[in-house]
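Dear colleague,

I am handing over the structure below, and my notes on what was found in it follow. Please read them with the model open beside you.

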Amino acid sequence: MKTQAHNILFRMFIISSLLLFSSCDRAKSTDALVEKQTTTTTTTTTTTRPKPETTAAIIDTADYNHRMLVLSNNDTSGRWPVKNQPYPLPGALLPYNRIIAFYGNLYSKRMGILGELPKDAMLKKLKWEVAQWQAADPTIKTIPALHYIAITAQSAPGKANLHRMRMPFKQIDTIIDWAKSINALVFLDVQVGHSTVKNEVATLEPYLKLSNVHLGIDPEFSLKNGEIPGTKIGTFTAADINDAIDILAKIVRENKLPPKVLVVHRFTQGMVTNYKKIKTVPEVQIVMDMDGFGSKVLKKSTYLRYIYREPVQFTGFKLFYKNDNKKDWQMYTPEELLKLTPKPIYIQYQ
């Protein structure tokens with residue numbers, strides 16, 4: 001427990017340091033600028049984009065059930081596969097693909113590999129990771145994704161006094177163009193600060209109407225009692241997560257799209273409450289993503305405690321190129337992660 005507490009405190013220290021990047025070279029990226037961009041560029045974002053991998057026009061339920069059973073990795077507890085789940089709409093990404101995502105923000109080299117490396121080097125490394133996963137598990141198609149932090153939590157309150165900053169739409173356009181060059185998915189990640197999931201996700205609807213754009217939400221930076229992001233680990237209730245699901249489901253229905261994937265980050269008990277009340281619908285596929293860093297023993301323990309024991313639908317696992325390789329630690333390999341129960345179907349590298 002001391003090791004885990006140390007890990008969380010160290011993580012919070014790192015996070016608080018990263019949040020300071022907003023004050024450097026970002027004067028033009030104020031909320032006012034982003035709000036202006038929202039009104040001037042929204043109509044230009046719905047251009048033709050690459051379509052995600054899809055399944056047949058009709059879901060083969062026997063095949064779907066078999067794939068979910070394989071993902072459960074012979075779980076004997078009765079938790080996995082999760083019972084009483086609706087079948088997804090046709091065109092669902094999961095469980096037919098494993099998603100390998102690079103995470104980050106273009107304003108910072110310290111928030112993840114996506115912003116740390118130049119474009120070409122980053123995309124080359126992503127394709128290499130995809131190939132490693134494909135070789136480790138040839139039974140499922142492996143596809144790349146760019147997971148971009150589109151709304152970042154901030155230590156400063158900002159003009160809206162909500163401790164969050166919305167990235168300019170031109171940056172999101174850049175990420176979508178990069179993804180198009182390698183036929184990758186895009187995830188737009190939201191750190192709400194003192195705002196709400198409903199209000200922040202709504203600003204991204206023009207992008208979420210694109211068939212290859214999906215959503216991530218991060219309870220770590222949802223501070224409901226006025227704390228400054230980075231000084232405390234935040235939380236989402238099931239109602240917060242359901243707000244995101246409702247928005248995505250409505251977009252899917254109105255635009256006749258394949259299901260959206262929703263990634264929810266988690267590495268503590270308190271980050272997600274009332275998990276049994278998280279709704280599952282045919283329009284949205286939910287991935288609970290183990291987001292902690294540290295030793296293999298600690299990460300596996302976190303996965304078992306908060307992802308395995310509180311099943312929602314699908315699972316993910318986050319790997320840190322730097323923070324998982326500190327001290328005498330070593331980052332998990334694809335082969336090692338495939339031994340977990342259940343097998344993660346979404347892998348994120350930071």
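Which residues of α9 are buried? This is a predicted model, in which local features need pLDDT of at least 70 and side-chain atom pairs count only at pLDDT 80 or more, while totals for chains, interfaces and linings use all residues. Residues are numbered from 1 along each chain as its sequence is written, and side-chain values use heavy atoms, with hydrogens and water left out.

In α9, the buried residues (under 20% relative accessible area, 1.4 Å probe, protein chains only) are Ala238, Asp240, Ile241, Asn242, Ala244, Ile245, Ile247, Leu248, Ala249, Ile251 and Val252. Helix α9 covers residues 238–255, helices being DSSP runs of H or I with at least four residues, and strands runs of E with at least two, numbered from the N terminus. Just after α9, Lys256 takes a positive phi of about 50°.

Helix α9 also supplies the largest share, nine residues, of the largest nonpolar core, a core being a set of buried Ala, Val, Leu, Ile, Met, Phe, Trp, Tyr and Cys residues joined through side-chain atoms within 4.5 Å. That core has 70 residues, of which Ile217 and Leu262 touch the most other members. Leaving aside residues up to four places away in sequence, Leu262 touches (heavy atoms within 4.5 Å) several residues, including Ile217, Ile241, Ala244, Ile245 and Leu248.

For the protein chain as a whole, there are eleven helices and eleven strands, and buried residues make up 58% of the 350 residues.

With best wishes

Terms used. The expected span of a helix is 1.5 Å times one less than its number of residues. Buried means under 20% relative accessible area, exposed over 50%, partly exposed in between (1.4 Å probe, protein chains only).
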